[in-house]
Amino acid sequence: MTKILIVEDNEMNRDMLTRRLQRHGFEICTAIDGASGISAAESEMPDLILMDVALGEMDGWEATTHIKANPRTVKIPIITLTAHALSSDHRKSLEVGCVDFDTKPVDMQRLLGKINNALTAHAAG
């Protein structure tokens with residue numbers, strides 16, 4: 001079963017994403033902030049990470065930078081989730097190593113397409 005780590009500080013968003021992705025057959029683990037997201041990436045070794053940007057003390061971009069700097073977790077694809085649809089946010093996400101970017105509120109079909117594309121690209125190498 002494909003494992004997805006959701007790094008999201010908003011409990012309602014985290015729970016909604018967890019339930020909806022589980023219904024689509026994914027195993028879900030969660031983290032509530034950047035620091036715990038970095039730890040969970042290494043301990044859980046998920047197949048993909050959904051990373052919120054606005055996480056408080058350490059934002060999702062900084063957490064992504066740490067995950068991408070770790071040889072054990074560098075290859076895990078990360079998709080940024082944010083309420084901001086600015087092109088600068090999209091650009092910043094790609095600069096720090098994310099494979100894609102999606103906006104909130106989440107359109108589940110669009111997000112599932114991005115997840116499947118990222119997993120397929122990752123599997124291809």
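These notebook entries record what I looked up in a predicted model.

**Entry 1: helix 1 and helix 5**

I began with the packing of two helices. I took the angle and the distance between the axes, because two packed helices are described by these quantities. For helix 1 (residues 11-23) and helix 5 (residues 108-124), I found that the axes come within 12 Å and cross at roughly 65°. Helix 1 is therefore roughly perpendicular to helix 5. I noted the crossing of the two helices as right-handed.

I then listed the residues that make the contact. Helix 1 contributes Leu17, Arg20 and Leu21, while helix 5 contributes Met108, Leu111, Leu112 and Ile115. By class, I recorded 6 nonpolar residues, 1 charged residue and no polar residue in this contact.

**Entry 2: nonpolar cores**

I turned next to the buried nonpolar side chains. In soluble globular proteins, such side chains tend to be buried together. The largest nonpolar core holds 18 residues, and the members that touch the most others are Leu5, Val7, Ile49, Met51, Ile67 and Ile78. I asked which elements give two or more residues to this core. They are strand 1 (3-7), strand 2 (27-31), helix 2 (34-44), strand 3 (48-52) and helix 3 (60-69). Helix 3 gives the most, with 3 residues.

I examined Ile67 individually. With neighbours within four places in sequence left aside, Ile67 is in contact with Gly37, Ile38, Ala41, Ile49, Met51, Thr73, Val74 and Ile78. I also found a second, separate core of 17 residues, which includes Ile6, Leu50, Leu81 and Leu111.

**Entry 3: Leu81**

I followed Leu81 from the second core to its place in strand 4 (residues 78-82). Is Leu81 buried or exposed? Its relative accessibility is 1%, so I entered Leu81 as buried. Not counting residues up to four places away in sequence, Leu81 touches Leu17, Leu50, Met51, Asp52, Val53, Asp102, Lys104 and Leu111. Two of these partners, Leu17 and Leu111, also appear in the contact of helix 1 with helix 5. For the pair Leu81 and Asp102, I noted a C-alpha separation of 5.0 Å, although the two residues are 21 residues apart along the chain.

**Entry 4: Thr103**

My last entry concerns Thr103, which lies in strand 5 (residues 100-103). I classed Thr103 as buried because its relative accessible area is 19%, and the cut-off for buried is under 20%. Which residues does Thr103 contact, leaving aside its neighbours within four places in sequence? I found Thr82, His84, Ala85 and Arg110.

Terms used
Residues are numbered from 1 along each chain as its sequence is written. This is a predicted model: local features need pLDDT of at least 70, side-chain atom pairs count only at pLDDT 80 or more; totals for chains, interfaces and linings use all residues. Side-chain values use heavy atoms; hydrogens and water are left out. Axes are lines fitted to C-alpha atoms, for helices over the stretch in contact, and angles run from 0 to 180 degrees between N-to-C directions. Helices (H or I, at least four residues) and strands (E, at least two) are DSSP runs, numbered from the N terminus. Angles under 35 degrees count as roughly parallel, over 145 as roughly antiparallel, 65 to 115 as roughly perpendicular and the rest as oblique. A crossing is left-handed if the near helix is turned anticlockwise from the far one by less than a right angle, and right-handed if clockwise. Contact means heavy atoms within 4.5 Å. Ala, Val, Leu, Ile, Met, Phe, Trp, Tyr, Cys and Pro count as nonpolar, Asp, Glu, Lys and Arg as charged, and the others, Gly among them, as polar. A nonpolar core is a set of buried Ala, Val, Leu, Ile, Met, Phe, Trp, Tyr and Cys residues joined through side-chain atoms within 4.5 Å. Buried means under 20% relative accessible area, exposed over 50%, partly exposed in between (1.4 Å probe, protein chains only).
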